[in-house]
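Subject: Structure for you to look at

Hello,

I am handing over a structure for you to look through. Please open it beside this message and follow along as you read.

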Amino acid sequence: MKFGGTSMAGTERIRRVAKIVQRQQAAGHEVAVVVSAMAGETDRLVNFSREASALYDPAEYDVVVASGEQVTSGLLAMHLQALGSKARSWLGWQLPVRTDDAHGSARIEAIDSDAVIASMQAGEIAVIPGFQGISPQGRITTLGRGGSDTSAVAVAAAVKADRCDIYTDVDGVYTTDPRIVAKARKLKNVTYEEMLELASVGSKVLQTRSVSLAMKEKVRVQVLSSFIDEDAPAADTLPGTMIVSDEELAKIQEGLDMERQLITGIAADKNDAKVILTAVPDRPGAVATIFGPLAAANINVDMIIQNVGRADTDTDVTFTVPQADLERTKAVLDENRPSIGYEKLSTDPKISKISVVGVGMRSHAGVAATMFKALADRGINIQAISTSEIKVSVLIDSDETELAVRLLHTAYGLDAA
């Protein structure tokens, strides 16, 4: 069971979470719980780090921001004990959750689960802080924003859980953000592949790496709401969204005389920034001199576009990075300017990435054309385009995000009746 920041925001909500967890144990389950920091706490800690230094030490950053989950894990264990349950917290270094040393965006390499399994078998509820682990050097690491989802799936895989339930502030995966489109519909089932694409392009329900790990380890993931009345039925008896393999979904839909929805969902992401390098020498290996140093600095690059330059000897390169990494990106590019040879570096943090996702794209033409026409009809300018087998993404001005999402939701017939 995993509970997000809004579920853990304050004493009353943590007490409610404790009752939800206790009810699952009472039903006969052995339970491990992964928790996020309280809503807003990680942002507060990140701001402290940025105030200390724009180019902060990533290892010390992890020490600061990992503290939020430590607080909630201890508090939930206390609330469970107050309700009469056996419970204890296990910090990332106590299990341990072993990661690489990429501070701020570490990857889980292994979890030593013997001790926590023995504890669960003895009737103890294991409360584990998400988002954190330990590096080969013994330093605290964090897994990147939303990393508690990855922690939960990794723990589920390590203890061979029947299912990983992600409790959040929404009761499932929707065709788009219901706060933007009131007619968004909840999806009963989504494949790993579709959820992976939705998560990678801005859907806030699950972190990309958690879905990728679930697909790799074949962990069945269910998205549920923790915001239910205390006397309501157990949350996992209510309809949420189950994220499963293509094979399992085919079995679920077997016998249904209907074709799958062409588009599964629409996602928007305002957390990227655009970087433009002007007049890069047009020679073999030029692009490697740009993205090699960024990769070495663990900066994730998303959309990449190489434009025709103003002369035969140069080219312009445009790409996106997370806004949180923009200052580091500029520093890396400045440092490597002699080897890259660009003339000018410019950035734009006011962009938004809008994506349409669906496995139905594999067998249907015209998905991109529908998107482009819907945006053009309302005068929304497309700055860049990226596609995959089941996804089309565009960059637009961030001020036009909500309008674009509503237009596309209607254009693809996703509005609820």
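Below is what was found in it, taken element by element.

Please keep in mind that this is a predicted model.

A pair of helices

Start with helix H2 (residues 41–52) and helix H3 (residues 58–65). Their axes come within 9 Å and cross at roughly 145°. The crossing of H2 and H3 is right-handed. On the H2 side the residues that make contact are Leu-45, Val-46 and Ser-49, and on the H3 side they are Tyr-61, Val-64 and Val-65. Sorted by class, the contact of H2 with H3 has five nonpolar residues, one polar residue and no charged residues.

A covered strand and its partners

Next, find strand E6 (residues 125–129), which is mostly covered: five of its five residues are buried. Ile-125, Val-127 and Pro-129 point one way from E6, while Ala-126 and Ile-128 point the other way, and all are buried.

E6 pairs with strand E2 (residues 32–35) through four bridges, and the two run parallel. Within this pairing, Ala-32 has Ala-126 as its bridge partner in E6. E6 also pairs with strand E3 (residues 87–89), here through three bridges and again in parallel. The partner of Arg-88 in E6 is Ala-126.

Helix H6

Helix H6 (residues 147–158) allows a simple check of length. At 1.5 Å a residue, its twelve residues should span 16 Å, and the end C-alpha atoms are 16 Å apart, which agrees.

How is H6 placed with respect to the rest of the structure? Eleven of its twelve residues are buried, so H6 is largely enclosed by the rest of the structure. Among the buried residues are Gly-147, Asp-149, Val-153 and Ala-158. Just after H6 comes Lys-160, which takes a positive phi of about 55°.

An open sheet with two helices on it

Further along the chain, four strands form an open sheet in the order E15-E20-E22-E21, with antiparallel pairing. Strand E15 (265–269) and strand E21 (384–388) stand at the edges; each has a single partner strand, so one side of each is left without a neighbour in the sheet. On average, and with direction ignored, neighbouring strands of this sheet are turned by 20° against each other.

E15 is joined to strand E20 (residues 351–357) by five bridges, and these two strands run antiparallel. Ala-268 is found opposite Ile-354 in E20.

Two helices that pack on the sheet are worth finding. Helix H7 (residues 192–200) touches E15, E20, E21 and strand E22 (391–397), and its direction makes about 170° with that of E20. Helix H14 (residues 401–411) touches E15, E20 and E22, and its direction makes about 15° with that of E20.

One residue in helix H11

Last, look at Thr-329, which lies in helix H11 (residues 326–335). Is Thr-329 buried or exposed? Its relative accessible area is 0%, so Thr-329 counts as buried, the cut-off for that being under 20%. Which residues does Thr-329 touch, not counting residues up to four places away in sequence? They are Val-275, Leu-294, Ile-299, Phe-319 and Val-321.

Regards

Notes. Residues are numbered from 1 along each chain as its sequence is written. This is a predicted model: local features need pLDDT of at least 70, side-chain atom pairs count only at pLDDT 80 or more; totals for chains, interfaces and linings use all residues. Side-chain values use heavy atoms; hydrogens and water are left out. Axes are lines fitted to C-alpha atoms, for helices over the stretch in contact, and angles run from 0 to 180 degrees between N-to-C directions. A crossing is left-handed if the near helix is turned anticlockwise from the far one by less than a right angle, and right-handed if clockwise. Contact means heavy atoms within 4.5 Å. Ala, Val, Leu, Ile, Met, Phe, Trp, Tyr, Cys and Pro count as nonpolar, Asp, Glu, Lys and Arg as charged, and the others, Gly among them, as polar. The expected span of a helix is 1.5 Å times one less than its number of residues. Buried means under 20% relative accessible area, exposed over 50%, partly exposed in between (1.4 Å probe, protein chains only). Two strands pair if DSSP finds at least two bridges between them.
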